[in-house]
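User: I have just opened this entry and would like someone to walk me through it. Could we begin with the packing inside and then move outwards?

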2 protein chains.
Amino acid sequence: MREVAIIGIGGTKFGELWDMSLRDLGIQAGLAAVADAKLAAEDIDALYVGNMSAGRFIEQEHVAALIADYSGLARDNIPATRIEAAGASGGLAFREGYLAVASGMHDIVVVGGAEKMTDVGDVLAAEIQSTAADQQWEVVFGATLASLFAMIARRHMYEFGTTREQIAQVAVKNHKHGALNPNAQYQREIDLSTVLNASPVAEPLGVFDCAPLSDGAAAVVLCSMDRARSYTSKPIRIAASAQASDTLALHSRTTVTSFKATQVAAQRAFRQAGRRPEQVQLAEVHDNFTIAEILAIEDLGFFPKGQGGKATMDGETALGGKVAVNTSGGLKARGFPFGATGVAQLVELVEQLRGEAGKRQVPDATLGLAQNAGGTGATVVVSLLEVA
Amino acid sequence: MREVAIIGIGGTKFGELWDMSLRDLGIQAGLAAVADAKLAAEDIDALYVGNMSAGRFIEQEHVAALIADYSGLARDNIPATRIEAAGASGGLAFREGYLAVASGMHDIVVVGGAEKMTDVGDVLAAEIQSTAADQQWEVVFGATLASLFAMIARRHMYEFGTTREQIAQVAVKNHKHGALNPNAQYQREIDLSTVLNASPVAEPLGVFDCAPLSDGAAAVVLCSMDRARSYTSKPIRIAASAQASDTLALHSRTTVTSFKATQVAAQRAFRQAGRRPEQVQLAEVHDNFTIAEILAIEDLGFFPKGQGGKATMDGETALGGKVAVNTSGGLKARGFPFGATGVAQLVELVEQLRGEAGKRQVPDATLGLAQNAGGTGATVVVSLLEVA
């Protein structure tokens, strides 16, 4: 397999974008990425699209063909492929696009992620979110994704002495980062008492422990490394992209305070890249709920199991800490359009590795990690990006 | 890229399988394919699943993780990836699985296709089928998939003098083939008057011009060619797998009597394989409506444009004809579980190329083609299989 680089990035703002449809979002992000890579449409060999549930949100399947069509790429009849793995749809689309270039099948591939979620009401949106969990053995009995993560939080508190304040600090930190990101949905800081005193969603988790349901899209352009420098002076190398699965239902696992799929995907990624967790300077992790970030930073090997809450409270995951986690604001503050999130994580890493992240820049960043999860971690993709 | 072989096949019966859920279907097909390849579960490196609309049919997304889980593959945390491209979901999952092995990323990959469609009523099922078309510019104005294909049929009749009887003959021929297939949903012959006098769905198309909406699953096991003979004495080589897109909406095209995506995917596949259409002895094509088979056999280069109806009436596409088309019975008689169809086509080709197709065997078959389409041809995958 040959080396692959990211040569272009783009994205929409995340939020309640009532004047934009799914196709509008996908096209805006894709065209921005293609323009960033200084490509013409005819240079593009294939399109991969991560999307979780357009069938439910807007009654439209076949969305990769839709985006290819409305962006003008169907003119050249390029392959257009949609990937779905709940919240990990974007990261998985990225891995398939990476594979398509690494294999030699295609030279230049655009990977987009998009989701239009605010055309339905909040109750239906939460119901659609729960299609990531096991419908037959979890959801039918009343479990929502929030309640499953609430059980994970309770157990983490019981096993490791993690405190409610430590969990809440994830939201405080990510809002602080989001306030530095002009593309974030929420660009304002919040304090611990706001998180602690918010309306409960599924105790111990409250409103500010849950990432918002958003509209948005993000895109990256991939190119074989040998051609990358003809398009950009700052190609970002894909050092690894690895994927793992786990049981869909939480109750089938031996533990709920670790995501085995995160651990395995991370091991595979670090092995592929020949790197160690200690070398990672910044990471975008899947904080769909605050407790998920604590699990992620432990399972990725940044901190020992059970120490994620303390590390967060001590500032070790904030800008300036040991490893800067979710400098974009994360799903919590940047926003959480399901299928777009995994790709938006990579956009943030590329901005950082190019040194173009403005006020939230991690100094001298050379190695970044993205962890994108579906449901309660039944699918996890871990990718490593580095300065070429 | 290295050579890839199919070393195992499996499938469920297609039909109204009210005692089986999506996960049951997927597991039964997958286990059959794995047993056929004489593999143990721990030999499997990755799983690809083609599924169009489980989110709508059974309110369950994240279905690749679901199948990995319930088949026991999540124990080894293997990558599990769902692909969606409406009716082309299965063929496209196959192409991604092929790419994963050809690239060297994985050695042994299971590709499954599954759809559970009879848990909803007929009206909702037709609505879900129409999510393959452009929701915003076709469906919202009342177009269904059947009505779009009816317009294609009318125009083909107008441009080329294709007759209603020629179109109906596709169904007669495919039912005749289906009667020879013990796994077909409809194993009985019908005559021309039955098709012509059936209740209209969207004129000129009647009930017998439309493939049924079915439950079912199919699976194949892929392996690098250099290891294939350690598992089977009859490996089937994947000579090509190519994909093309077109506009989602029919009205955006310069013609509706050809599917450009079929033509382009076929050109790419024949080029990759170093073969010509005249060399193909049997083909499984996407006859979701009878007229679609006539377009397909023209666009694939088996017959000149406009001659597909005559060729069908003359028996050139029947068993014993110039090219045996849809020996399985096709979508019309074997059944049409959306995401399973593209994989079931490959299962049929492998049975034929192994010489194990019983009463419907094409003598001395060495080269077969599968054409799998989404919606009105906005996504098409063409694959070529040959005896290794």
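User: What is Val220(A) in contact with, leaving aside its neighbours within four places in sequence?
Analyst: Keeping in mind that this is a predicted model, Val220(A) is in contact with Ile6(A), Gly8(A), Ile9(A), Ala33(A), Phe94(A), Val111(A), Val343(A), Leu346(A) and Val347(A), once its neighbours within four places in sequence are set aside.

User: And which residues have the most contacts inside the largest nonpolar core?
Analyst: Those are Ile6(A), Val220(A), Ile6(B) and Val220(B), and the core they belong to has 282 residues.

User: Val343(A) sits in a helix, I think. How many residues of H14(A) are buried?
Analyst: In H14(A), which runs over residues 338-354, 16 of the 17 residues are buried, so that the helix is mostly covered. From its first C-alpha to its last H14(A) reaches 26 Å, which is close to the 24 Å expected at 1.5 Å a residue. After the helix comes Gly355(A), with a positive phi near 75°.

User: Let's look at another helix. What do the buried residues of H7(A) pack against?
Analyst: They pack against helix H6 (145-160), helix H8 (192-196), helix H11 (290-299), helix H12 (308-313) and H13 of chain A. H7(A) covers residues 164-178 and reaches 22 Å between its end C-alpha atoms, close to the 21 Å expected. Because 12 of its 15 residues are buried, H7(A) is largely enclosed by the rest of the structure; among the buried ones are Ile167(A), Val170(A), Lys173(A), His175(A) and His177(A).

User: How many residues of H10(A) are buried?
Analyst: For H10(A) the count is 10 of 14, so this helix too is largely enclosed by the rest of the structure. The buried residues include Lys260(A), Val264(A), Phe270(A) and Ala273(A), and the buried residues of H10(A) pack against S8, H11, strand S11 (367-374) and strand S12 (379-387) of chain A. The end C-alpha atoms of H10(A) are 20 Å apart, which agrees with the 20 Å that its 14 residues should span. Gly274(A) follows the helix and has a positive phi, near 65°.

User: Moving on to the two chains, how can chain A be laid on chain B?
Analyst: A turn of 180° with a shift of 0.0 Å along the axis lays chain A on chain B with an RMSD of 0.0 Å. That is the relation of a two-fold axis. The C-alpha of chain A nearest the axis belongs to Ser103(A), at 2.1 Å from it.

User: How many residues does the contact take from each chain?
Analyst: The contact takes 52 residues from chain A and 52 residues from chain B. On the side of chain A that touches chain B, the elements giving two or more residues include helix H3 (63-70), strand S3 (80-84), helix H4 (89-102) and helix H10 (260-273). By class, that side of chain A has 25 nonpolar, 18 polar and nine charged residues.

User: Why do the copies meet through the same surface?
Analyst: The copies do so because 100% of the interface residues of chain A are also interface residues in chain B.

User: In what sense do S3(A) and strand S3 of chain B pair?
Analyst: They pair in the antiparallel sense, over three bridges. Glu84(A), for instance, has Arg82(B) as its bridge partner in S3(B).

User: Last topic, the backbone. Which residues does a cis peptide bond join in chain A?
Analyst: In chain A the cis bond joins Glu203(A) and Pro204(A), with omega about 10°, and Pro204(A) is found in the loop between strand S5 (200-202) and strand S6 (205-206). In chain B the peptide bond from Glu203(B) to Pro204(B) is likewise cis, with omega near 10°.

User: Is Asn326(A) buried or exposed?
Analyst: Asn326(A) is buried, because 30 other C-beta atoms lie within 10 Å. This residue has a positive phi of about 60° although it is not a glycine, and its place is the loop between strand S10 (324-325) and helix H13 (330-334) of chain A. Most residues other than glycine have a negative phi. Asn326(B) also has a positive phi of about 60°.

Technical notes. Residues are numbered from 1 along each chain as its sequence is written. Chains are lettered from A and ligands numbered from 1 in the order in which they are written. This is a predicted model: local features need pLDDT of at least 70, side-chain atom pairs count only at pLDDT 80 or more; totals for chains, interfaces and linings use all residues. Copies are superposed by least squares on the C-alpha atoms of residues with pLDDT of at least 70 in both. Two residues are in contact if their C-beta atoms, placed from the backbone, lie within 7 Å. Helices (H or I, at least four residues) and strands (E, at least two) are DSSP runs, numbered from the N terminus. Ala, Val, Leu, Ile, Met, Phe, Trp, Tyr, Cys and Pro count as nonpolar, Asp, Glu, Lys and Arg as charged, and the others, Gly among them, as polar. Two strands pair if DSSP finds at least two bridges between them. The expected span of a helix is 1.5 Å times one less than its number of residues. A residue is buried if 20 or more other C-beta atoms lie within 10 Å of its own, exposed if 12 or fewer, and partly exposed in between; C-beta atoms are placed from the backbone. A nonpolar core is a set of buried Ala, Val, Leu, Ile, Met, Phe, Trp, Tyr and Cys residues joined through C-beta atoms within 7 Å.
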